[in-house]
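Trainee: Hey, I have a new model open and no idea where to begin. Can you walk me through it?

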Amino acid sequence: ENGQQSAAEKQQKAVQSRIAAVVSPQISAKDLGPRGIMRQDEENLSLTDRIGRLFGFTQNKADQYMAPWPVVLIFTLAIAIVASVLAAGLIGGLIARLTIPVVWIMLSRTVFIRGEAKRKSVLLNQFPDTLGLIVRAVRVGIPVTESLRVVAREAPEPTKREFFKVADQINIGVAPDQALRDLAVRSGLPEYGFFAAVLTLQAQTGGGLTETLELLAEVIRKRVAMKARGYALSAEARTSSMVLGAMPIVTGILLGVLNPEYMGLLFTDKTGNLVLGAAVLSLATGVFTMQTIIRKSLS
């Protein structure tokens with residue numbers, strides 16, 4: 001009896017190994033979802049990448065930023081040091097120096113995240129037209145991989161650059177599904193994750209690709225329109241926050257020009273340093289709070 005059970009277990013293990021050999025190259029829908037792709041990206045991060053994420057940037061996206069990331073880090077560090085000097089009279093020199101890393105990280109993250117958000121917005125606005133271009137190419141008989149190269153030639157920036165990288169990866173032998181997953185991770189857009197999932201699952205299971213892509217394009221167009229409507233409705237609040245944030249700075253500059261001695265007390269007198277530090281801290285807190293509320297309402 002034990003021998004029969006052992007033989008049955010061996011046979012079951014052999015069957016399971018054969019099934020695993022067939023199934024393992026396939027990618028599950030869960031792994032192809034935007035969250036699954038991003039989760040796999042997080043798991044493969046090195047220590048340098050994790051430190052970069054702390055400051056809000058990643059090295060594989062260096063070409064996407066408006067300025068080189070070392071320049072941004074040096075610039076934000078200088079601002080953090082100046083802010084600590086202004087705050088020294090208010091909270092003490094030791095505490096002010098301890099706040100330098102916190103302010104440095106916050107400023108760096110703000111700069112990088114804002115720049116990346118603008119790029120994502122442009123990519124998202126261009127994505128429905130990109131899907132339409134792929135659908136038209138597939139309908140006339142062009143293979144999917146070649147349609148990606150058509151996008152790399154015909155699409156506007158920055159979509160053109162992203163698909164050019166995909167075409168380069170495919171040319172050097174990277175599997176199309178892996179190249180598309182890299183595109184989703186690199187862009188950070190969930191919509192690119194859906195696109196990668198659609199093409200990869202279609203390659204595995206078959207089905208009408210053009211109809212699926214048209215449906216995806218329609219959904220993305222509605223999301224873009226809804227986002228634009230949200231920005232239009234929040235225009236008054238965003239303008240008010242910019243005006244309220246600029247008014248103290250403009251008023252201070254005008255008073256400094258009209259009465260330099262009066263404004264000079266803020267920089268030469270100890271009590272003036274306290275008042276200036278409190279004013280800067282209050283203004284920064286107010287602007288940050290307003291911007292956070294507006295951003296959360298639009299996300």
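Mentor: Let's go through the core, the ring pairs, the salt bridges, a pocket and one odd peptide bond. This is a predicted model, so local features need pLDDT of at least 70, side-chain atom pairs count only at pLDDT 80 or more, and totals for chains, interfaces and linings use all residues. Residues are numbered from 1 along each chain as its sequence is written, and side-chain values use heavy atoms, with hydrogens and water left out.

Trainee: Okay, core to begin with. Which residues touch the most other members of the largest nonpolar core?

Mentor: Phe163, Tyr192, Phe195 and Leu213 do, out of 33 residues in that core. A nonpolar core here is a set of buried Ala, Val, Leu, Ile, Met, Phe, Trp, Tyr and Cys residues joined through side-chain atoms within 4.5 Å. Buried means under 20% relative accessible area, exposed means over 50%, and partly exposed is in between, with a 1.4 Å probe and protein chains only.

Trainee: And which elements give two or more residues to this core?

Mentor: Those are α7, α8, α9, α10, α11 and α12, the last covering 209–233. Helix α7 gives the most, with eight residues. The labels come from DSSP runs numbered from the N terminus: helices are H or I with at least four residues, strands are E with at least two.

Trainee: Is there a general idea behind that?

Mentor: In soluble globular proteins, nonpolar side chains tend to be buried together.

Trainee: Switching to rings. How many aromatic pairs are there?

Mentor: Five, from a search of the whole structure. One of them is Phe127 with Phe195, an edge-to-face pair at 5.7 Å centre to centre and 85° between the planes. That pair links distant parts of the chain, with Phe127 in helix α7 (residues 100–139) and Phe195 in helix α11 (residues 190–205), 68 residues apart.

Trainee: What's the rule for a pair?

Mentor: Rings of Phe, Tyr and Trp (its six-membered ring) pair if their centres lie within 6.5 Å; planes under 30 degrees apart count as stacked, over 60 as edge-to-face and the rest as tilted.

Trainee: Are Phe127 and Phe195 buried or exposed?

Mentor: Phe127 counts as buried because its relative accessibility is 1%, and Phe195 is buried too, with a relative accessible area of 1%. Ring pairs also link Phe127, Phe163, Tyr192 and Phe195 into a cluster.

Trainee: Salt bridges next. How many does the count come to?

Mentor: Eight. The rule is a side-chain nitrogen of Lys or Arg within 4 Å of a carboxyl oxygen of Asp or Glu.

Trainee: Show me one inside a helix.

Mentor: Try Lys120 and Glu116, whose side chains meet at 4.0 Å, N to O. They are four residues apart in helix α7, so about one helical turn separates them. Lys120 is partly exposed at 25% relative accessibility, while Glu116 is buried at 17%.

Trainee: And where do Arg186 and Glu162 sit?

Mentor: Their side chains form a salt bridge at 2.8 Å, N to O. The pair links distant parts of the chain: Arg186 is in helix α10 and Glu162 is in helix α9 (residues 159–171), 24 residues apart. Arg186 is buried at 9% relative accessibility, and Glu162 is buried at 0%. Salt bridges that share partners join Arg119, Glu162 and Arg186 into one network.

Trainee: What about that odd peptide bond?

Mentor: The bond from Glu157 to Pro158 is cis, with omega near 0°. Pro158 is in the loop between α8 and α9. For context, most peptide bonds are trans. Glu157 also has a salt bridge to Arg161, at 3.9 Å, N to O.

Trainee: Last topic: which element gives the most to the lining of the second largest pocket?

Mentor: Helix α11 does, with five residues. α8 (144–154), α10 (176–187) and α11 each supply at least two. The lining residues divide into seven nonpolar, four polar and one charged, and they include Val144, Asp177 and Leu209.

Trainee: How do you sort those classes?

Mentor: Ala, Val, Leu, Ile, Met, Phe, Trp, Tyr, Cys and Pro count as nonpolar, Asp, Glu, Lys and Arg as charged, and the others, Gly among them, as polar.

Trainee: And what makes it a pocket?

Mentor: On a 1 Å grid over the protein atoms alone, using a 1.4 Å probe, a pocket is an open set of points with protein on both sides within 12 Å along at least five of seven lines; lining residues have an atom within 4 Å of a point.
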